[in-house]
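Student: I would like a close look at one part of this protein, the sheet and whatever packs around it. Could you walk me through it slowly?

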Amino acid sequence: MLMILFITLFVRMMTTADPATDVRYAVRELPYGYGALAPVLSEETMRFHHDKHYAGYLARLEELLIDSPLAGQPLEDIVLAADGALFNNAAQAWNHELYFEQLSPQPVRAPSAELAAAIERDFGSLDALCTQMNRAAAGLFGSGWVWLAADREGRLAIFAEANAGNPILRGWTPLLGIDVWEHAYYIDYRNRRADAVAALWSVVDWQTVSHRYARRR
Ligand code: MN
(Lines give C-alpha, C1' and ligand atoms only; values in the text may rest on other atoms or scores of the structure.)
Protein backbone atom coordinates (compact mmCIF):
# COMPACT_ATOMS: atom_id res chain seq x y z
CA MET A 1 0.00 0.00 0.00
CA LEU A 2 2.76 2.37 1.03
CA MET A 3 4.71 1.38 -2.07
CA ILE A 4 1.76 2.28 -4.30
CA LEU A 5 1.48 5.63 -2.57
CA PHE A 6 5.16 6.35 -3.20
CA ILE A 7 4.91 5.31 -6.84
CA THR A 8 1.80 7.46 -7.29
CA LEU A 9 3.54 10.46 -5.75
CA PHE A 10 6.62 9.91 -7.86
CA VAL A 11 4.64 9.64 -11.09
CA ARG A 12 2.69 12.76 -10.18
CA MET A 13 5.92 14.67 -9.53
CA MET A 14 7.34 13.59 -12.85
CA THR A 15 4.27 14.39 -14.89
CA THR A 16 3.40 17.72 -13.33
CA ALA A 17 6.91 19.18 -13.39
CA ASP A 18 6.53 22.57 -15.01
CA PRO A 19 9.63 23.57 -16.94
CA ALA A 20 9.18 27.17 -15.85
CA THR A 21 9.44 26.18 -12.18
CA ASP A 22 12.51 23.96 -12.55
CA VAL A 23 15.66 25.19 -10.90
CA ARG A 24 17.74 26.60 -13.76
CA TYR A 25 20.14 28.84 -11.94
CA ALA A 26 21.98 26.65 -9.49
CA VAL A 27 23.81 28.35 -6.64
CA ARG A 28 27.50 28.49 -7.53
CA GLU A 29 29.63 27.18 -4.72
CA LEU A 30 32.46 29.35 -3.45
CA PRO A 31 35.77 28.44 -5.14
CA TYR A 32 37.37 28.40 -1.64
CA GLY A 33 36.32 27.54 1.91
CA TYR A 34 33.94 29.81 3.84
CA GLY A 35 36.71 30.72 6.27
CA ALA A 36 39.50 30.94 3.69
CA LEU A 37 39.40 34.74 3.33
CA ALA A 38 39.61 35.44 7.06
CA PRO A 39 40.50 37.77 8.63
CA VAL A 40 39.62 40.04 5.69
CA LEU A 41 36.18 38.43 5.51
CA SER A 42 35.15 36.08 8.31
CA GLU A 43 33.55 32.68 7.86
CA GLU A 44 30.34 34.10 9.34
CA THR A 45 30.28 36.93 6.79
CA MET A 46 30.86 34.50 3.92
CA ARG A 47 28.18 32.08 5.13
CA PHE A 48 25.62 34.87 5.34
CA HIS A 49 26.74 36.57 2.15
CA HIS A 50 26.83 33.43 0.01
CA ASP A 51 24.22 31.15 1.58
CA LYS A 52 21.63 33.76 2.57
CA HIS A 53 22.03 36.86 0.41
CA TYR A 54 23.34 35.50 -2.90
CA ALA A 55 21.35 32.25 -2.71
CA GLY A 56 18.32 34.32 -1.67
CA TYR A 57 18.52 36.43 -4.83
CA LEU A 58 18.58 33.24 -6.92
CA ALA A 59 15.63 31.76 -5.05
CA ARG A 60 13.60 34.93 -5.54
CA LEU A 61 14.64 35.02 -9.20
CA GLU A 62 13.26 31.50 -9.64
CA GLU A 63 9.91 32.60 -8.22
CA LEU A 64 9.77 35.70 -10.38
CA LEU A 65 10.58 33.74 -13.54
CA ILE A 66 7.52 31.52 -13.20
CA ASP A 67 5.39 32.34 -16.23
CA SER A 68 7.87 35.00 -17.36
CA PRO A 69 8.88 35.05 -21.05
CA LEU A 70 12.48 35.35 -19.82
CA ALA A 71 12.38 31.97 -18.04
CA GLY A 72 15.16 29.73 -19.28
CA GLN A 73 17.28 32.56 -20.68
CA PRO A 74 20.90 32.88 -19.59
CA LEU A 75 21.23 34.95 -16.44
CA GLU A 76 23.12 37.73 -18.24
CA ASP A 77 20.35 38.04 -20.83
CA ILE A 78 17.80 38.44 -18.05
CA VAL A 79 19.93 41.17 -16.46
CA LEU A 80 20.01 43.01 -19.79
CA ALA A 81 16.30 42.58 -20.57
CA ALA A 82 14.50 42.77 -17.23
CA ASP A 83 13.42 45.64 -15.03
CA GLY A 84 11.94 46.00 -11.58
CA ALA A 85 12.21 43.11 -9.14
CA LEU A 86 13.27 40.68 -11.86
CA PHE A 87 16.21 42.90 -12.80
CA ASN A 88 17.16 43.48 -9.16
CA ASN A 89 17.32 39.79 -8.30
CA ALA A 90 18.93 38.64 -11.57
CA ALA A 91 21.54 41.39 -11.41
CA GLN A 92 22.31 40.76 -7.75
CA ALA A 93 22.77 37.03 -8.48
CA TRP A 94 25.06 37.84 -11.42
CA ASN A 95 26.99 40.51 -9.51
CA HIS A 96 27.65 38.16 -6.61
CA GLU A 97 28.95 35.41 -8.89
CA LEU A 98 31.52 37.91 -10.21
CA TYR A 99 32.31 39.13 -6.72
CA PHE A 100 32.99 35.75 -5.11
CA GLU A 101 34.95 34.49 -8.12
CA GLN A 102 37.40 37.42 -8.12
CA LEU A 103 38.48 36.82 -4.50
CA SER A 104 41.03 34.25 -3.42
CA PRO A 105 42.96 33.19 -0.31
CA GLN A 106 46.03 32.92 -2.59
CA PRO A 107 45.50 35.85 -4.92
CA VAL A 108 47.75 36.77 -7.82
CA ARG A 109 48.71 40.25 -6.69
CA ALA A 110 49.52 41.92 -10.01
CA PRO A 111 47.46 42.47 -13.16
CA SER A 112 48.56 40.98 -16.48
CA ALA A 113 50.96 43.08 -18.56
CA GLU A 114 48.06 44.07 -20.84
CA LEU A 115 45.80 45.18 -17.99
CA ALA A 116 48.68 46.81 -16.10
CA ALA A 117 49.43 48.95 -19.15
CA ALA A 118 45.79 50.00 -19.42
CA ILE A 119 45.65 50.84 -15.70
CA GLU A 120 48.79 52.94 -15.99
CA ARG A 121 47.40 54.73 -19.06
CA ASP A 122 43.95 55.44 -17.56
CA PHE A 123 44.71 55.91 -13.83
CA GLY A 124 48.46 56.48 -13.58
CA SER A 125 49.13 53.45 -11.38
CA LEU A 126 47.48 50.48 -9.66
CA ASP A 127 47.65 52.37 -6.35
CA ALA A 128 45.88 55.33 -7.92
CA LEU A 129 43.17 53.03 -9.29
CA CYS A 130 42.62 51.44 -5.86
CA THR A 131 42.49 54.89 -4.22
CA GLN A 132 39.87 56.05 -6.72
CA MET A 133 37.77 52.93 -6.16
CA ASN A 134 38.07 53.32 -2.37
CA ARG A 135 36.90 56.90 -2.71
CA ALA A 136 33.98 55.87 -4.93
CA ALA A 137 32.99 53.17 -2.44
CA ALA A 138 33.12 55.60 0.48
CA GLY A 139 31.10 58.15 -1.46
CA LEU A 140 28.34 55.85 -2.69
CA PHE A 141 25.26 56.69 -0.66
CA GLY A 142 23.29 53.62 0.45
CA SER A 143 23.63 50.20 -1.15
CA GLY A 144 25.39 49.50 -4.39
CA TRP A 145 28.49 48.43 -6.24
CA VAL A 146 31.70 50.07 -7.37
CA TRP A 147 32.97 48.56 -10.59
CA LEU A 148 36.13 48.63 -12.62
CA ALA A 149 34.99 48.04 -16.18
CA ALA A 150 36.37 48.01 -19.71
CA ASP A 151 34.86 49.03 -23.02
CA ARG A 152 35.46 47.22 -26.31
CA GLU A 153 38.61 49.20 -27.02
CA GLY A 154 40.06 48.31 -23.65
CA ARG A 155 39.50 51.70 -22.07
CA LEU A 156 38.99 51.46 -18.30
CA ALA A 157 36.55 53.34 -16.10
CA ILE A 158 35.11 53.21 -12.59
CA PHE A 159 31.36 53.10 -12.16
CA ALA A 160 29.57 53.66 -8.85
CA GLU A 161 26.15 52.07 -9.20
CA ALA A 162 23.23 52.11 -6.77
CA ASN A 163 21.54 48.91 -5.64
CA ALA A 164 22.06 46.12 -8.22
CA GLY A 165 23.52 48.41 -10.90
CA ASN A 166 25.99 46.92 -13.31
CA PRO A 167 28.08 48.35 -16.17
CA ILE A 168 26.91 45.68 -18.63
CA LEU A 169 23.78 47.81 -19.03
CA ARG A 170 26.06 50.53 -20.45
CA GLY A 171 27.81 48.05 -22.75
CA TRP A 172 30.92 47.83 -20.57
CA THR A 173 32.52 44.60 -19.32
CA PRO A 174 32.79 44.41 -15.52
CA LEU A 175 36.30 43.44 -14.42
CA LEU A 176 36.12 43.89 -10.66
CA GLY A 177 33.12 44.58 -8.44
CA ILE A 178 33.18 45.90 -4.90
CA ASP A 179 29.99 45.12 -3.00
CA VAL A 180 29.21 48.03 -0.72
CA TRP A 181 25.91 46.70 0.59
CA GLU A 182 26.11 46.60 4.38
CA HIS A 183 25.56 42.82 4.33
CA ALA A 184 28.99 42.51 2.65
CA TYR A 185 30.88 43.89 5.65
CA TYR A 186 28.71 44.73 8.65
CA ILE A 187 29.43 41.56 10.67
CA ASP A 188 33.19 42.16 10.50
CA TYR A 189 33.52 45.93 10.13
CA ARG A 190 30.21 47.29 11.44
CA ASN A 191 29.81 50.80 9.99
CA ARG A 192 33.44 51.06 8.81
CA ARG A 193 32.84 50.60 5.09
CA ALA A 194 36.10 52.31 4.13
CA ASP A 195 38.11 49.85 6.25
CA ALA A 196 36.26 46.90 4.72
CA VAL A 197 36.99 48.10 1.18
CA ALA A 198 40.63 48.90 1.96
CA ALA A 199 41.11 45.38 3.39
CA LEU A 200 39.45 43.70 0.41
CA TRP A 201 42.36 44.51 -1.91
CA SER A 202 44.54 41.90 -0.19
CA VAL A 203 42.23 39.09 -1.39
CA VAL A 204 41.51 40.39 -4.91
CA ASP A 205 42.85 37.92 -7.46
CA TRP A 206 44.25 40.02 -10.29
CA GLN A 207 44.57 36.95 -12.50
CA THR A 208 40.77 36.60 -12.55
CA VAL A 209 40.38 40.33 -13.18
CA SER A 210 42.97 40.17 -15.98
CA HIS A 211 41.20 37.22 -17.62
CA ARG A 212 37.99 39.25 -17.67
CA TYR A 213 39.87 42.09 -19.35
CA ALA A 214 41.35 39.74 -21.98
CA ARG A 215 37.90 38.27 -22.71
CA ARG A 216 36.00 41.59 -22.79
CA ARG A 217 33.36 42.05 -25.46
MN1 MN B 1 26.31 41.26 -1.43
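Tutor: Happily! Let's begin with a word we will need: two strands count as paired if DSSP finds at least two bridges between them. Keep in mind, too, that this is a predicted model.

With that in hand, look at strand 1, residues 144-150, and strand 2: they run antiparallel and are joined by 7 bridges. To see one of these partnerships, find Ala149, whose bridge partner in strand 2 is Ala157.

Now widen the view to the whole sheet. It is open, has 3 strands in the order 2-1-3, and its pairing is antiparallel. At the edges sit strand 2 (156-162) and strand 3 (173-179), each of which pairs on one side only. Going from one strand to the next, the twist averages 25 degrees.

Next, the helices that lie against the sheet. Helix 5, residues 113-123, packs on it and touches strand 1, strand 2 and strand 3, with a direction about 75 degrees from that of strand 2. Helix 6, residues 126-139, also packs on the sheet and touches strand 1, strand 2 and strand 3; its direction makes about 150 degrees with that of strand 1.

How does this part fit into the chain? The chain has 9 helices and 3 strands in total. Reading from the N terminus, the elements run α-α-α-α-α-α-β-β-β-α-α-α.

A good residue to follow from here is Trp206. Leaving out residues up to four places away in sequence, Trp206 touches Leu115, Ile119, Leu126, Leu129, Leu176 and Trp201, among others. Trp206 is also one of the residues with the most contacts inside the largest nonpolar core, along with Leu103, Leu156 and Trp201. That core has 65 residues, and its largest share, 9 residues, comes from helix 4. In soluble globular proteins, nonpolar side chains tend to be buried together. Over the chain as a whole, buried residues make up 46% of the 217 residues.

Since helix 4 has come up, let's finish with its partner. The axes of helix 2 (residues 43-65) and helix 4 (residues 84-101) come within 9 Å and cross at roughly 145 degrees, and the crossing is left-handed. Helix 2 contributes residues including Met46, Tyr54 and Leu61 to the contact, while helix 4 brings Ala85, Ala93 and Phe100, among others. Sorted by type, the residues of this contact come to 13 nonpolar, 5 polar and 2 charged.

Notes:
Residues are numbered from 1 along each chain as its sequence is written. This is a predicted model: local features need pLDDT of at least 70, side-chain atom pairs count only at pLDDT 80 or more; totals for chains, interfaces and linings use all residues. Side-chain values use heavy atoms; hydrogens and water are left out. Helices (H or I, at least four residues) and strands (E, at least two) are DSSP runs, numbered from the N terminus. Axes are lines fitted to C-alpha atoms, for helices over the stretch in contact, and angles run from 0 to 180 degrees between N-to-C directions. Contact means heavy atoms within 4.5 Å. A crossing is left-handed if the near helix is turned anticlockwise from the far one by less than a right angle, and right-handed if clockwise. Ala, Val, Leu, Ile, Met, Phe, Trp, Tyr, Cys and Pro count as nonpolar, Asp, Glu, Lys and Arg as charged, and the others, Gly among them, as polar. A nonpolar core is a set of buried Ala, Val, Leu, Ile, Met, Phe, Trp, Tyr and Cys residues joined through side-chain atoms within 4.5 Å. Buried means under 20% relative accessible area, exposed over 50%, partly exposed in between (1.4 Å probe, protein chains only).
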